Amino acid sequence: LDERARACLLTSRHKLEEIMKPAYLMDHMISDEAITVEEEDMITNQNTKREQAAALVDLLLKKDNYSFRSFYNALLKEEYDELANLLKEDLPLTQFTSSSQCPVQTLLSEGGVPPRPEAFVPRPKEENEIREKLYKLQKQPGWVTVFGMAGSGKSVLASEAVRHKELIEECFPEGIHWLSIGRLDKPDLLAKIQTLCFRLEQNLDSQQFHRPPSTLDEAKERLRFLMIRKYTRTLLILDDVWDSTVLKAVDIHCRILLTTRNRSLADVVNGSKHEVEVNSGLDEDKALEILSQLSKIEMYRLPEEALSIVKKCQGSPLAVSMIGSLLRENPDRWGYYLRQLEKKQFRRIRKSSSYNYEALDQAIAAGIEDLSDDYRDLYNLLTVLHKDVKMMSVLWGQDQVDTEDTLSEFVNRAMLFVDSQSQPNVFYLHDLQLDFLLEQNKNQLKSLHKKMVERYVHRYRDRPLTSRDEESLYWIRYLAYHMANANLFQELHSLLFSLDWISVKGQIMGPAHLINDYLEYGSILDKEFQEFLSLSGHYLEQRPFPDIVQLALSQPHTSEVYRQARLLAQERAKDG
Ligand code: ADP
């Protein structure tokens, strides 16, 4: 209960106890669900009317603003105008005076909570998880972070989670206020908080005119005052937050739900914190249902491309609903949009809607743009990482700690996903993300492969490749692939014709892999090496692994194979 309301109850209690008849008042309060039948019994069990009144006041002191307001309304209804007047001045602000008078919808739309999208499928598991975390803010202020990939449905889930009568009544009876944040600068942020303060002050019906706060600090103080004094049990929803500056500006001990792609944003603020991760995609059935609702074709009559579209988008609510609305306008384009997806033509998949980003590519691009330069370079390398590889850690060529930092930066920003069931952890990109990278970097593939090779050279200049670490294994497997795609033919040539390489790769991966490289990049191969391998290939199966130099020394003395073997033998002799 509000401090002022509380003080007012205490000072008026004598008069209240003297005059009021609790029995009638309590009928109204029960129908408002402000008190329970058990509480009513407890009060009527008191011997005298005066004792009953005292018990009701005691009960109210333990209750919330909503009950206080209900009590006030009951006084009015029972024509205790004089008593009601005693309380009127200090009436706490609840935006609805009784559950029936103020439906949830009004409260939500007053607070700017967006309505459901045109096509909507419920996601009860995630909605409930968010609600559960919001209930933790019932007794104390704190933060709930809802995070996930671009277009995974965070905002829709947040608004759906609060469209819930009990939650509002029990936790946020003083209102829910939605602020769309996005990527904004400080002046924009100030403007948003000014608007919020204005909205809150207006609700207070105060005649006082307040100059809008002119700096962020001032805005923070004003908001702190409002929240603590008048709107304690209010929820602020900050939608699509990118920058922790925003959170610092509202780090005022209040109740906040934020949606973001960046899981770690709330690390910098104080108070209790809770988080909910949103899956990047919907189940196939639900995604199909969105297509069905938007295209106005019943589920069982959807064309076969529908399922392919859903699969191609991995159920991304944003992608599916963008395509669905395009199909509504162009009902014969199922095949066309599927092909656009397959050709990674995300730009064609655009739709003006209430969503912040007009096209699918913009939604994904925004995340990449927001990275620091170093991280962006690393992220772009994912474009060329061999597609069979789930061990992204090999990519960075950094030490363990840096690698972990890089990976968690991407995971926290929902730009990379981790399967933590597997040990060691497996990391992967969402198909839409990989497709986006491939499309965006399609003219840079060569140079990205080259960067990969440079990383290898840098890392293994003076370290041997071994079978013991993932990174080595990656290079043993895919170095030739990167060299070939970087058009580094000379380097590839020397690699494949190096006895060292044959020996290491043959030993660690077996001859099949080795020979596969020679088949794959055969066009640039030297005949002598091919002959050498086809004649000696079977030796490479042997364990212990044969001495490659000895094998090569049996080749014709004019061959390159022999020349290298001789050099190596001489080096060995020198080293003793
Ligand atoms: P995010 O906040 O994660 O970027 P949104 O919640 O804004 O994503 O959702 C993006 C779009 O996806 C919405 O505009 C809507 O069209 C669609 N969408 C998201 N969730 C649902 C849902 N539960 N049912 C139907 N469409 C949805």
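A cavity here is a set of points, on a 1 Å grid over the protein atoms alone, where a 1.4 Å probe fits but cannot get out, and its lining residues have an atom within 4 Å of a point. Its volume is the space filled by probe spheres set on the points, with grid points joined across faces, edges and corners.

**Entry: ground rules.** I'm reading a predicted model, in which local features need pLDDT of at least 70 and side-chain atom pairs count only at pLDDT 80 or more, while totals for chains, interfaces and linings use all residues. Residues are numbered from 1 along each chain as its sequence is written, and side-chain values use heavy atoms, leaving out hydrogens and water.

**Entry: cavities.** I looked for enclosed space and got 4 cavities of 30 Å³ or more. The largest holds about 80 Å³. I asked myself which helix gives the largest share of its lining. That is α18 (residues 360-369), with 4 residues; helices here are DSSP runs of H or I with at least four residues, strands are runs of E with at least two, and both are numbered from the N terminus. Among the lining residues I noted Met 149, Arg 261, Ile 364, Tyr 379 and Gln 433. By class, I have 8 nonpolar, 2 polar and 2 charged residues in that lining. Nonpolar covers Ala, Val, Leu, Ile, Met, Phe, Trp, Tyr, Cys and Pro, charged covers Asp, Glu, Lys and Arg, and the others, Gly among them, are polar.

The second largest cavity has about 60 Å³ of space. Its lining includes Val 241, Trp 242, Asn 262 and Asp 370, and splits into 3 nonpolar, 3 polar and 3 charged residues. Arg 261, Gly 367, Arg 413 and Met 415 turn up in the linings of both cavities.

**Entry: strands.** Next I checked strand β1 (residues 142-147), where 6 of 6 residues are buried, meaning under 20% relative accessible area (over 50% is exposed, in between is partly exposed; 1.4 Å probe, protein chains only). Gly 142, Val 144 and Val 146 point one way, while Trp 143, Thr 145 and Phe 147 point the other.

Which strands pair with β1? I found β4 (residues 255-260), parallel over 6 bridges, and β5 (residues 272-277), also parallel over 6 bridges; two strands count as paired if DSSP finds at least two bridges between them. Trp 143 sits opposite Ile 256 in β4, and Gly 142 has Ser 272 of β5 as its bridge partner.

Strand β2 (residues 176-182) has 6 of its 7 residues buried, so the rest of the structure largely encloses it. It runs parallel to β3 (residues 235-241), joined by 6 bridges. I marked His 177, which faces Leu 236 in β3.

**Entry: helices.** Why do the buried residues of a helix sit on one side? An α-helix has 3.6 residues a turn, so residues three or four places apart point the same way.

In α2 (residues 22-31), I listed Pro 22, Leu 25, Met 26 and Met 29 as buried. They span an arc of only 100° around the axis, so they lie on the same side of α2; the arc is that of the directions from the helix axis to the C-beta atoms. These residues pack against α3 (37-44), α4 (49-62) and α5, where contact means heavy atoms within 4.5 Å. Just past α2, Glu 33 has a positive phi of about 60°.

In α6 (residues 81-88), the buried ones are Leu 83, Ala 84 and Leu 87. Their arc is only 100° too, which puts them on the same side of α6. What covers them includes α1 (3-19) and α5 (65-77).

Methods. 1 Å grid on protein atoms, 1.4 Å probe; cavity = no way out; pocket = protein on both sides within 12 Å on 5 of 7 lines; lining within 4 Å.
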